[in-house]
Amino acid sequence: MRHPRSSTSLSPTALRARQHRCAPTASEAALFAAIRGGRLGVTVRRQVALGRFIVDLLVPSARLVNEEDGGYPCTRRRADARRDRALERMGYRVLCIEAELVLSEVAKAVALVRAALAEPP
């Protein structure tokens, strides 16, 4: 049985990630359902704190981050670009998939994740 860390020992970012795991968006839930449980041959974690960021999906073994992008205003897109650059400096590859694609054609979204996993780090 897993013993979760007490909330007093978690960073504020890790606490927010925990809250996000309890309330995924429809697209996050759909993609995670399609790739969880080793379906891609790797462990996939969702809503993970990496430094000061929370990433939607993480494949630790491939250092691959998946971010699902929705209809954000330009200011959010600029912030996302800064986040992506920071994650890349930390040694992660960032794959962005539009939430609309996940909701309308989850198989195509899974294929994008599979293709990113096949690429060398």
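Which backbone nitrogen lies 3.1 Å from a polar atom of the side chain of Glu 68? Keep that question in mind while you move through this predicted model, which holds two cavities of 30 Å³ or more.

Begin with the largest cavity, where about 40 Å³ of space is found, and select the residues that line it: Pro 24, Glu 28, Arg 46, Gln 47, Asp 56, Leu 57 and Glu 68. If you colour this selection by class, you will find two nonpolar, one polar and four charged residues in the lining. Next, show the strands β1 (45-50) and β2 (53-59), each of which supplies at least two residues of this lining.

From that selection, keep Glu 68, which is found in strand β3. Glu 68 is buried and yet has no salt bridge, since the nearest side chain of opposite charge, that of Arg 46, is 9.5 Å away, and a salt bridge would need the nitrogen and the carboxyl oxygen to be within 4 Å. Now add Glu 28 to the view, and the opening question is answered: the backbone nitrogen of Glu 28 is the one that lies 3.1 Å from a polar atom of the Glu 68 side chain.

Move on to the second largest cavity, which has a volume of about 30 Å³, by selecting Ile 35, Val 44, Leu 57, Val 59, Leu 64, Asn 66 and Val 113, the residues that line it. Two or more residues of this lining come from each of the elements β2 and β3 (64-69). Coloured by class, the lining of the second largest cavity shows six nonpolar residues, one polar residue and no charged ones. Finally, select Leu 57, which lines the largest cavity and also lines the second largest.

Note on methods. Residues numbered from 1 in each chain as written. Predicted model: local features only at pLDDT ≥ 70, side-chain atom pairs only at ≥ 80, totals over all residues. Heavy atoms only, no water. 1 Å grid on protein atoms, 1.4 Å probe; cavity = no way out; pocket = protein on both sides within 12 Å on 5 of 7 lines; lining within 4 Å. Points joined across faces, edges and corners; volume = space filled by probe spheres on them. Helix = DSSP H or I, 4+ residues; strand = E, 2+ residues; numbered from the N terminus. Nonpolar A, V, L, I, M, F, W, Y, C, P; charged D, E, K, R; others polar. Buried < 20%, exposed > 50% of the residue type's maximum accessible area, 1.4 Å probe, protein only. Lys, Arg positive; Asp, Glu negative; His and termini not counted. Polar contact = N/O pair within 3.5 Å; in protein donor to acceptor, adjacent residues only side chain to side chain.
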